[in-house]
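User: Hi! Could you walk me through this model? I'd like to begin with how the strands pair up.

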Amino acid sequence: QSKSAIQGVDTYLAFPENRLARAAMMRLSTTRGMPSLSSSTTTLYGPSGVGKSHLAKWTIKNLVHQRAKIRFVNASSRTIGELLRQADGRQRLAELLEEFQSLDIVVCEELDWLETNPEVQAPFVMLIEALEEASTQVLMTAIKPVGQIRGLDQRIVSRCHGGLCVAMTTPG
């Protein structure tokens, strides 16, 4: 999505229950190849309505403000999965992965969608591996912890667990 996806986000209120999630977003960086980061993957999970998407958009908006030329995509796993499926069908998956590798940050919302779409998981693993290779920061959101998403490829679970996984709860 373009920068219009983040235009309506003005502020993010960090309630005590979600301070850790906000701090995790500060970890995202547009600097490629930062050796201090063991993984470029951050996963936010929690029930619908706790602000995962809002926090992701607020973070991207702040990064765009700091560095106007940031290259990012903010899309659902369904949208990304469909792109991967189409590219794979046209034998252009390698080209699509290269396009993603040119980005600074990839936000993939609703990782839970992969639970009912196992045919997209192998190309999704390839995408995550390509992004890690390029030191592209990856932010994923899910309703439940990735280890509890039934049928999720263990390589995806491993990549998420190798990064930073943060639970978000309903503010009190």
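User: Sure, so which strand does E2 pair with, and how do they run?

Analyst: Strand E2 joins strand E3 (residues 105-109) through 5 bridges, and the two run parallel. Two strands count as paired if DSSP finds at least two bridges between them. Helices (H or I, at least four residues) and strands (E, at least two) are DSSP runs, numbered from the N terminus.

User: Before I go on, what kind of model is this?

Analyst: This is a predicted model: local features need pLDDT of at least 70, side-chain atom pairs count only at pLDDT 80 or more, and totals for chains, interfaces and linings use all residues. Residues are numbered from 1 along each chain as its sequence is written, and side-chain values use heavy atoms, with hydrogens and water left out.

User: Thanks. Back to E2: are its faces covered or open?

Analyst: Both faces are covered, with Phe72, Asn74 and Ser76 buried on one side and Val73 and Ala75 buried on the other. Buried means under 20% relative accessible area, exposed over 50%, and partly exposed in between (1.4 Å probe, protein chains only).

User: What is the bridge partner of Ala75 in E3?

Analyst: That is Cys108. Cys108 is itself buried, at a relative accessible area of 2%.

User: Ah, a cysteine! How many disulfides are there?

Analyst: The count is 0, taking a disulfide as a pair of cysteine sulfur atoms within 2.5 Å. For Cys108, the closest cysteine sulfur is in Cys160, 9.0 Å away and too far for a bond.

User: And which cysteine sulfur is closest to that of Cys160?

Analyst: The one in Cys165, at 5.8 Å, which is again too far for a bond. Cys160 is buried too, with 0% relative accessibility.

User: New topic: which residues have the most contacts inside the largest nonpolar core?

Analyst: Ile80, Phe100 and Phe124 do, in a core of 31 residues. Two or more residues each come from E2, helix H3 (77-89), helix H4 (93-101), E3, helix H5 (121-133), strand E4 (137-142) and helix H6 (154-162). H5 gives the most, with 6 residues. A nonpolar core here is a set of buried Ala, Val, Leu, Ile, Met, Phe, Trp, Tyr and Cys residues joined through side-chain atoms within 4.5 Å.

User: What does Phe124 touch?

Analyst: Leaving out residues up to four places away in sequence, Phe124 touches Ile80, Leu84, Cys108, Leu111, Leu114, Met140 and Ile156. Contact means heavy atoms within 4.5 Å.

User: What is in the second core?

Analyst: That separate core has 19 residues, including Ala21, Ile60, Leu63 and Met168.

User: Ala21 is in H1, right at the start. Which residues of H1 (residues 19-26) are buried?

Analyst: Ala21, Ala24 and Met25 are. They sit on the same side of H1 because they cover an arc of only 100 degrees around the axis, where the arc is that of the directions from the helix axis to the C-beta atoms. The face turned away from them carries the exposed residues Arg19, Leu20 and Met26.

User: What covers the buried residues of H1?

Analyst: Their cover includes strand E1 (41-45), helix H2 (52-66), E4 and strand E5 (164-167).

User: Last one: where is Leu103, and is it buried or exposed?

Analyst: Leu103 lies in the loop between H4 and E3, and is buried, with a relative accessible area of 15%. Its C-alpha atom is separated by 8.5 Å from that of Gln137, 34 residues apart along the chain.
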